[in-house]
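Work through the exercises below with the sequence and the 3D view open. Try each task before reading its solution.

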Amino acid sequence: MQDKDSQQFKTVEDKAREALTHDDPVKSCAVTVRAHNRHYDADKGVTHHLIRTEEEWMAIRTWAEDGGDTGIAVNSHGETLTLDVLELNQDCVADRICNEGLDAIDSHDAVARPVEPFTALVRHAEDIAEILVTEWETGADHVVRERLYEGMAGWIGRTAWTAYEEEAMYIEAERATTQFIENHVRCEVSDDVEATIQDISKTALYDAVAEHRGRQTPHLDYAAEVTLTD
């Protein structure tokens with residue numbers, strides 16, 4: 001807590017309570033709030049907040065108490081925000097790519113269309129899976145951080161997440177497909193075949209991300225654990 005704040009607020013809870021008045025247009029707020037991320041947990045009747053002020057971040061829980069009062073607890077606070085993106089199951093990504101590649105081989109072979117790109121896809125499924133997961137991790141760090149600073153991220157416990165990021169994930173699948181073709185395919189690849197490989201990559205990535213979704217985060221696309229430190 002900064003010296004100028006300590007003169008006005010005796011505890012970090014006092015500062016957090018004051019920061020929450022920022023959203024009430026009737027009340028003046030002595031704390032400058034730059035971003036306010038939140039999520040309401042209906043099961044527990046608790047709202048989770050991650051607030052960025054001019055000096056620091058504050059992770060807060062609030063709940064309604066008897067008599068109309070609001071309970072408040074500060075889980076953590078600090079000047080520095082660190083993200084640790086969730087870990088995708090790379091083996092499952094590779095397995096899905098392999099299975100979809102085998103299906104593509106069967107369907108293309110049945111109509112006498114080239115299967116070499118899909119044979120390479122099956123052979124190098126682990127490589128493209130690694131590329132996909134790396135692309136997603138890079139995207140997750142960038143997008144979650146950006147949404148947190150904008151006050152647009154979901155927030156519960158220590159996890160921040162974003163939803164409806166299909167376009168960004170589509171680009172990640174596109175990049176992984178391009179790298180795979182450049183590194184492993186030695187024949188000419190038609191636009192249709194490239195689009196099919198890209199769809200396979202996107203599907204495998206979406207399935208891996210979906211494993212991290214829950215009832216309160218049904219549309220999660222990116223997520224990261226957040227640590228606040230001084």
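Two strands pair if DSSP finds at least two bridges between them. Helices (H or I, at least four residues) and strands (E, at least two) are DSSP runs, numbered from the N terminus. This is a predicted model: local features need pLDDT of at least 70, side-chain atom pairs count only at pLDDT 80 or more, and totals for chains, interfaces and linings use all residues. Residues are numbered from 1 along each chain as its sequence is written, and side-chain values use heavy atoms, with hydrogens and water left out.

**Exercise 1. Place strand β8 among its partners.**

Task: Find which strands pair with β8, and in which sense.

Solution.
- Start with strand β7 (residues 159-163). It runs antiparallel to β8, and five bridges join the two.
- Pick one bridge there: Thr-162 has Tyr-222 of β8 as its partner.
- Go on to strand β5 (residues 80-85). Six bridges link β5 and β8, again in the antiparallel sense.
- Here Leu-81 is matched with Leu-228 of β8.
- Now check burial. Buried means under 20% relative accessible area, exposed over 50%, and partly exposed in between (1.4 Å probe, protein chains only).
- Strand β8 spans residues 220-229, and seven of its 10 residues are buried, so the rest of the structure largely encloses it.

**Exercise 2. Describe the surroundings of Glu-18.**

Task: Decide whether Glu-18 is buried or exposed, then list what Glu-18 touches.

Solution.
- Locate Glu-18 in helix α2 (residues 12-20).
- Read its relative accessible area: 17%, so Glu-18 is buried.
- List its contacts (heavy atoms within 4.5 Å). Leaving out residues up to four places away in sequence, Glu-18 touches Phe-9, Ser-28, Cys-29, Ala-30 and Val-31.
- Compare with His-108, 90 residues along the chain from Glu-18. Their C-alpha atoms are separated by 64 Å.

**Exercise 3. Judge the overall form of the chain.**

Task: What is the radius of gyration of the protein chain, and what would a compact globule of 230 residues have?

Solution.
- Count the elements: seven helices and eight strands.
- Apply the globule rule, 2.2 Å times the number of residues to the power 0.38, with the radius taken over C-alpha atoms.
- A compact globule of 230 residues would come out near 17 Å, but the protein chain has 23 Å.
- Check the box. Along the principal axes, the C-alpha atoms fill roughly 75 × 35 × 30 Å.
- Finish with burial: 43% of the 230 residues count as buried.
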